[in-house]
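Visitor: I am new to this structure. Please take one part and walk me through it closely.

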Amino acid sequence: MIAFIIRRLLATIPVMLVVAIFVFLMLRLTPSDPAAIIAGDNATAEQVADIRNKLGLNEPIVTQFFIWGSKILRGDLGESFFFKKTVAELISDRIEPTLSLSLFTILLAVMVAVPLGVLAAKRHGSIVDRMVMGFSVMGFSVPVFVIGYSLIYVFASELRWFPTTGYRRIHDGAGPWAYYLVLPTLTLSVVYIALIARMTRTSMLEVLSEDYVRTARAKGQIERKVLFRHALRNAAVPIVTVIGLGIALLIGGVVVTESVYSIPGLGRLTVEAVLARDFPVIQAVILMFSFVYVLINLLVDLVYSLLDPRIRY
Amino acid sequence: MAAPVLEVTNLTVAIAGGGDRANAIENVSLTVMPGEIVCVVGESGSGKSVTSQAVMALLPKGQLRISGGSIKLEGDELTTKSQPAMRAVRGKRAAMVFQEPMTALNPVERCGDQIAEVLEIHTDLDAKARRARVLDVMRSVHLPDPEQMAEAYPHQLSGGQRQRVMIAMALVLDPALLIADEPTTALDVTTQAQILKLIREMQVRRNTGVLFITHDFGVVSEIADRVVVMQRGRIVEQGTKAEILAAPREAYTQMLIAAVPSLVPPVRVPITSQVTLETIKLNKTYGGRSFFKPSGRVVKAATDVSFQIRRGETLGIVGESGSGKSTVARCIARLVDPTSGRIDLDDVDIARMSERKLRPYRRRVQIVFQDPYRSLNPRRSVGQSIIEGPMNFGLPHGEAIERARNLMGLVGLSPDALDRFPHQFSGGQRQRIAIARALAMEPVLLIGDEPVSALDVSVQAQVLQLLDSVRKKFDLAVLFITHDLRVAAQICDRIAVMQRGVVVETGPTANVFANPQHDYTRALFSAAPGQGFGHRIGAGKIDLVPAV
């Protein structure tokens, strides 16, 4: 097992290298000269040349890559053109809201979707099943910002139960922090509830017709334990796969949700950086999300082997 | 006389929404006394499993329900009990063992925990006491090293061991009634013999009443005290084993018993025609090391397999699961690539031929698979399935259809049925279609990979007759893979016995059966259930006179 984890971590190196090369080339292949962007519109040709020298842009491209790469490895992600801060500072400022929102979303989605899916499978064909499926289709088809603005309208503007927008740091108290995250979490989790509930239902339906479920009933086991002890664990592998994919895809939803609720997170940072063509920030964000994605994949594989003893690495 | 453990009276189970019939079983009455084994025999659809599910109140909800009659367990009426009340019965007073020990155990839970679950549900024992009981019952079903077995997951056990775990689970609370639903059907003969012995032993020691469901008269003759014969939801006849097996009164019972192939092979003239297929030192190994699997072990599925099949000859490969018989068949059809060795088809070695060069030879080797429910594409009409092969090899559509119509007639089906879909046919009819599909390619070698194992005995005999008649008609070389010695005895000219990838013995069928040379062959034959059963009844010779 430990050997597997080490092998898998080693295998991330080539993956990350490919991502790094891509990210690096992205900057070099754009038609605009980074030095000119940094120098600004009013710079003279000398100033630009000076910056080019300082950034090492006159070196051969391979040398540039190694200089850039060794900086990244030392944790130096460069300096933002636009925010006039180091990228590392920017990201550490912005990471807390995004992490909080993502964590709440996944937790809520799993806690709601899995029981819903189990229930729908158990009462296959019933009104409950059809309601869950109907909700799921709706969850897929309604865009995140529509859900967001609708929730703001009902629960913030009309009922005034929750703040319309904004974010409170956990540092300033867990109560306000959670309170401000309620609506964004609800907004973002709808699509994941839809996705995970659907997968849970399908996977459970398959497992419920298995012989060992019949065996469990023949032992005199109560229905709840038949469902959760015997069926769900056997149905879990595809569900975990979808949850893993969901986490990886969160970034898209985070961008929209953070914009709707004016949350100063990584999603909004990404949008701002793209609009400002702030390449160091874009590079750092892409690198970071790729790394997270690779780690989540590893984590999902490990969870597989915990869930199913037949999966051994 | 003691009171019966189980008393079923006029039990009727209705099918919701109907089907081809209104009731799954009708007016079924039977009793099981303490310490008695009652075998319920019947073909698929006879209602034998429905009867057992009704007793356990495990009928699929919304599809089947008890509409009349009574089920009494030790005098206690079950049909009126609520589900919670039934849960207290299941596992404690009446327990069940199922057919597939692989799928009947939860694959993600340790075996010991699955046995302990019964104690968790029905007793107040603490964890330590449960553990002791579990080890105790595991020892009593002769599981080696119970401490270790209790920690194992089902996939780490052999089929026989898994079935022992199932039996331990069923018997841990000493139920009055044990229902065994085809408990040995999925097992190899040698394992089957051991499990039957175990059930007998446990039942005698604990005086359990056993309702034993089977389709196999060999098993019946080994284990039954009394026999109940069912057909299409009704009981045809019942009586003691001696009465039913030696002197069945009903025509249906007589037919069922007569359809069981005899273990005594008929006399066959040795075939000396030209050799169609010859394998020379054929090897197939699976697995090996790789970056992600440094511990990958190598499995030798077939080792130095050499044999010949002549035109018009049937060679049987018999062996238990994992013996490599299917691997050999798949190598010859080049569905898997052999690791080394030669496969000479009419003196051309196809073992290492590239996919492109192999193509013209593909049509000359055709396979009929075991499960006719899964080997035909459910979304294509049988006509489309039959003509697809010949058209791939350039036969015009019209001629292909004509050939398909002829073949349908040949296999005993109406040519007009070509437009129908596989689900509209019975298992036996589907196997006929699979044979027609194979013949449409005009092969020189026909491989049957357990082609009758999924069929009822009465249907099995007809399909065997068909296979034999097409062999004669087209002068085909036939490679017949089977685990069933009775079938092998009747249809094969020569047989090869395989064990762990190696052919341990080969020779004319009559010689091998009369005078087996290898220890394994002898063990295999002595484990076959219902020894001498064929002689006593005097039936079981499949009439292989050409039907065409």
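Guide: Here is a close look at a sheet in chain B, followed by a helix pair in that chain. This is a predicted model, in which local features need pLDDT of at least 70, side-chain atom pairs count only at pLDDT 80 or more, and totals for chains, interfaces and linings use all residues. Residues are numbered from 1 along each chain as its sequence is written, while chains are lettered from A and ligands numbered from 1 in the order in which they are written.

Start with the sheet. It is open and has 6 strands of chain B, in the order 16-17-18-13-19-20. Its pairing is mixed. Strands are DSSP runs of E, at least two residues long, and helices are runs of H or I, at least four residues long; both are numbered from the N terminus. Two strands pair if DSSP finds at least two bridges between them. Strands of a sheet pair through backbone hydrogen bonds, either parallel or antiparallel.

Now the edges. Strand 16 (365-368) and strand 20 (502-508) of chain B each have a single partner strand, so one side of each lacks a neighbour in the sheet. On average, neighbouring strands are turned by 20° against each other, direction ignored. Axes here are lines fitted to C-alpha atoms, for helices over the stretch in contact, and angles run from 0 to 180 degrees between N-to-C directions.

Look closer at one edge. Strand 16 of chain B pairs with strand 17 (residues 445-449) of chain B in the parallel sense, over 4 bridges. There, Q366(B) stands opposite L446(B) of strand 17 of chain B.

A helix also packs on this sheet. Helix 20 (residues 519-527) of chain B touches strand 19 (494-499) and strand 20 of chain B. Contact means that the C-beta atoms of two residues, placed from the backbone, lie within 7 Å. The direction of helix 20 of chain B makes about 100° with that of strand 19 of chain B.

Next, the helix pair. The axes of helix 7 (residues 159-171) and helix 8 (residues 189-206) of chain B come within 10 Å and cross at roughly 15°. These two helices of chain B are therefore roughly parallel, a label for angles under 35 degrees. Helix 7 of chain B supplies residues to the contact including I167(B) and L171(B), and helix 8 of chain B supplies residues including I195(B) and L198(B).

How values were computed. Parallel < 35°, antiparallel > 145°, perpendicular 65-115°, else oblique.
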